[in-house]
Amino acid sequence: MTMIAHNLELIHKQIIDAAKASKRSIDEICLIAVSKFQTIDAIKEAVVAGQRHFGENYCQEALIKIEALPKEELIWHFIGQIQRNKTQAIAQHFHWVHTVDSRLIAQRLNRQRPIALPPLNICIQINIDEEVNKAGIAPQEEALLTLAEEIQQLPALKLRGIMIIPQETSNTEKIQQAFQQAQRLFSILQQHYPEIDTLSMGMSADFKLAIQHGATMLRIGTAIFGKRERKTC
Ligand SMILES: *Cc1c(COP(=O)(O)O)cnc(C)c1O
């Protein structure tokens, strides 16, 4: 068994345990393998081990991988900051976008989504800790509902939920507060749009805590593939 297959098996066990402890069904928790800076061979190892959802942050890097891997089988999630000149490539090649935080970006994705493809699944990114250099809308009900309504009116997009990245800290209590706040905003959004089903949060270091707070999509990189070689794009 490869290291990646081994790591995936371990994470699946941990997800099952965390879900049980929170009396949640594992059917509502999806694992996205975050493959930024990882090689095509590493992704293939994960595919062989049964992994189907992959997350990428950089468009150019992602397109090379999407081209090189079996199209039918894999589901690609864009989880990086969206540059305006990349929306067309994102709309053409991805199944999900987790980082929509403005009407302008939503409108571009809607316009550029090919008609032949099903609607693009969208999560609204919320800047949950109001960090200066982080993308996302303000963590306020009004900001969230305003953007949600705008996205709902765009036929080539399908609003699925929200996404957060808590502030980097070793303070578990702070991370927990961010997850609680996200859970609260998620439930408000669900009250307005009952079909909303996605709370995208939880990474290698904090996914068990995220599961306790209702996460439905985990974005995990390091714990699957090992440490990333940071390269300049
Ligand atoms: C890199 C990244 C992850 C994965 O982080 P790990 O700590 O390696 O699990 C998850 N979400 C986003 C948005 C990322 O950029």
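## The pocket and its ligand

A molecule sits in a pocket if more than half of its atoms lie within 2 Å of the grid points of that pocket. In this predicted model, the ligand sits in the largest pocket. Around the ligand there are 13 residues, of which Lys36, Asn57, Ser204, Gly221 and Thr222 come nearest. Sorted by class, this shell is made up of six nonpolar, four polar and three charged residues.

Several of these neighbours place a polar atom beside an oxygen atom of the ligand. For Ser204 the atom belongs to the side chain, and the distance to a ligand oxygen is 2.5 Å. Thr222 likewise has a polar side-chain atom 2.5 Å from an oxygen atom of the ligand, whereas Gly221 has a backbone N or O atom at 2.8 Å from a ligand oxygen. The ligand taken alone exposes 390 Å², and the protein buries 88% of that area.

## Two loop residues with positive phi

Lys23 and Phe37 can be read side by side, since each has a positive phi although neither is a glycine. For Lys23 the angle is near 55°, and this residue lies in the loop that runs between helix H1, residues 3-21, and strand E1, residues 30-34. For Phe37 the angle is about 65°, and its place is the loop between E1 and helix H2, which spans residues 40-48.

The surroundings of these two residues can also be described by their accessibility. Lys23 has a relative accessible area of 79% and therefore counts as exposed, the cut-off being over 50%. Phe37 has a relative accessibility of 9%, which is under 20%, so this residue counts as buried.

## Residues in helices

Ala46 is found in helix H2, and because its relative accessible area is 0%, it is classed as buried. Along the sequence Ala46 and Phe225 are 179 residues apart, yet in space their C-alpha atoms are separated by 8.7 Å.

Thr172 belongs to helix H7, which covers residues 172-192. With a relative accessible area of 46%, Thr172 is partly exposed, because this value falls between the 20% and 50% limits. Its C-alpha atom lies 8.9 Å from that of Leu209, and the two residues are 37 positions apart in sequence.

Gln92 is part of helix H4, residues 87-93. This glutamine is also partly exposed, at a relative accessible area of 34%. Between Gln92 and Gln152 there are 20 Å in space, taken from C-alpha to C-alpha, for a separation of 60 residues in sequence.

## A proline between helix and strand

Where in the chain is Pro155 found? Pro155 is in the loop between helix H6, residues 141-152, and strand E6, residues 157-164. At 69% relative accessibility Pro155 lies over the 50% limit, and so this residue counts as exposed. Pro155 and Gly80 are 75 residues apart along the chain, and their C-alpha atoms are separated by 23 Å.

Definitions and conventions
Residues are numbered from 1 along each chain as its sequence is written. This is a predicted model: local features need pLDDT of at least 70, side-chain atom pairs count only at pLDDT 80 or more; totals for chains, interfaces and linings use all residues. Side-chain values use heavy atoms; hydrogens and water are left out. A residue is near a molecule or strand if one of its heavy atoms lies within 4 Å of it. A polar contact is a pair of N or O atoms within 3.5 Å; within protein, one must be able to donate a hydrogen and the other to accept it, and residues adjacent in sequence count only if both atoms are side-chain atoms. Accessible areas come from the Shrake-Rupley method with a 1.4 Å probe; for residues, only the protein chains shown count as cover. On a 1 Å grid over the protein atoms alone, a cavity is a set of points where a 1.4 Å probe fits but cannot get out, and a pocket is an open set with protein on both sides within 12 Å along at least five of seven lines; lining residues have an atom within 4 Å of a point. Ala, Val, Leu, Ile, Met, Phe, Trp, Tyr, Cys and Pro count as nonpolar, Asp, Glu, Lys and Arg as charged, and the others, Gly among them, as polar. Helices (H or I, at least four residues) and strands (E, at least two) are DSSP runs, numbered from the N terminus. Buried means under 20% relative accessible area, exposed over 50%, partly exposed in between (1.4 Å probe, protein chains only).
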